[in-house]
Amino acid sequence: MWNKIKWYIQKFMIGRNGRDELQVTVAYASLILYIFAPWFDKLLPVPFFRTICWIGIFYSLFRFCSKDVLRRREENRKFLQELEFLKLRHSVRKTHKIYRCKGCGRKIRVPRGKGKIEISCPLCGNKFIRRT
Ligand SMILES: [Zn+2]
């Protein structure tokens, strides 16, 4: 009986995306939010947070079952990259600010407290103005 169920699941999962970091993160975030959603929704006229939870849960299931593995992998890669970016920004937050070049995507580190400055990308030469 259990072997048969296992076999069906295995057959179903062939060629599908399955677990990845983005899928797992969305699933957990949705479930955790779901615990608190009723309290937040009491403050609103519509069940906004519960709706967000359901969207998250369905998105996570969609990723899990998706057959477009290449596109899901690319999305997961971008998600991990974004996570790395946030980690890096957090680790240097007291002394530096990190911006991403809009031209080439390179991370640029600038010291804090210099006011508004023009930053030029060392890789592609793209210039932009930011407050540091
Ligand atoms: Zn650049």
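## Proline 47 and its loop

Proline 47 sits in the loop between α2 and α3. The model is predicted. Proline 47 is partly exposed, at 43% relative accessibility. Its C-alpha atom is separated by 8.3 Å from that of alanine 37, and the two residues are ten apart along the chain.

## Aromatic cluster on α2 and α3

The helices on either side of this loop also share aromatic residues. Ring pairs join Tyr34, Trp54 and Phe58 into a cluster. The total count of aromatic pairs is seven.

Take tyrosine 34 and tryptophan 54 to begin. Their ring centres are 5.8 Å apart and their planes stand at 80°, so this pair is edge-to-face. Tyrosine 34 belongs to helix α2 (residues 21-42) and tryptophan 54 to helix α3 (residues 48-65), so the pair ties together parts that are 20 residues apart in sequence. Tyrosine 34 is partly exposed, with a relative accessible area of 34%. Tryptophan 54 is partly exposed too, at 42%.

Tryptophan 54 also pairs with phenylalanine 58. Here the ring centres are 6.1 Å apart and the planes lie at 35°, so the pair is tilted. Both residues lie in helix α3, four residues apart, or about one turn of the helix. Phenylalanine 58 counts as exposed, at 52% relative accessibility.

## The zinc site

Four cysteines coordinate the zinc ion through their SG atoms: Cys101, Cys104, Cys121 and Cys124. The distances run from 2.2 to 2.3 Å. Angles among the four donor atoms are 104 to 115°, and the site is tetrahedral. For four tetrahedral donors, the ideal angle is 109.5 degrees.

In sequence, the donor residues follow the spacing C-x2-C-x16-C-x2-C. Cysteine 101 lies in the loop between β1 (96-100) and β2 (107-111), and cysteine 124 in the loop between β3 (116-120) and β4 (127-131), so this pair ties together parts that are 23 residues apart in sequence. Cysteine 101 is buried, with a relative accessible area of 3%. Cysteine 124 is partly exposed, at 42%.

## The nonpolar core

Two of the zinc ligands, Cys101 and Cys121, also belong to the largest nonpolar core. That core has seven residues, and the others are Tyr99, Ile108, Val110, Ile119 and Phe128. In soluble globular proteins, nonpolar side chains tend to be buried together.

Valine 110 has contacts both inside and outside this set. Residues up to four places away in sequence aside, valine 110 touches Tyr99 and Ile119, which are core members. It also touches His96, Lys97, Ile117 and Thr132.

## Lysine 97 on strand β1

Lysine 97 lies in strand β1. It is partly exposed, at 26% relative accessibility. The C-alpha atoms of lysine 97 and arginine 109 are separated by 5.8 Å, with the residues twelve apart along the chain.

Leaving aside neighbours within four places in sequence, lysine 97 contacts Ile108, Arg109, Val110, Arg112, Arg131 and Thr132. Thr132 is thus shared: lysine 97 contacts it, and valine 110 touches it.

## Arginines over rings

Two arginines lie over aromatic faces. Arginine 100 is over the face of phenylalanine 85, at 4.2 Å from the ring centre. Arginine 130 is over the face of tyrosine 99, at 5.7 Å from the ring centre. Tyrosine 99 is also one of the residues in the largest nonpolar core.

Note on methods: Residues are numbered from 1 along each chain as its sequence is written. This is a predicted model: local features need pLDDT of at least 70, side-chain atom pairs count only at pLDDT 80 or more; totals for chains, interfaces and linings use all residues. Side-chain values use heavy atoms; hydrogens and water are left out. Donors are N, O and S atoms within 2.8 Å of the metal (3.2 Å for Na, K and Ca); water is not among the atoms, so sites may look incomplete. Four donors count as tetrahedral if all angles lie between 85 and 135 degrees; four count as square planar and six as octahedral if opposite donors are over 155 degrees apart and all others between 65 and 115; anything else is irregular. Helices (H or I, at least four residues) and strands (E, at least two) are DSSP runs, numbered from the N terminus. Buried means under 20% relative accessible area, exposed over 50%, partly exposed in between (1.4 Å probe, protein chains only). Rings of Phe, Tyr and Trp (its six-membered ring) pair if their centres lie within 6.5 Å; planes under 30 degrees apart count as stacked, over 60 as edge-to-face and the rest as tilted. A charge sits over a ring if NZ of Lys or CZ of Arg is within 6 Å of the ring centre and within 35 degrees of the ring normal. A nonpolar core is a set of buried Ala, Val, Leu, Ile, Met, Phe, Trp, Tyr and Cys residues joined through side-chain atoms within 4.5 Å. Contact means heavy atoms within 4.5 Å.
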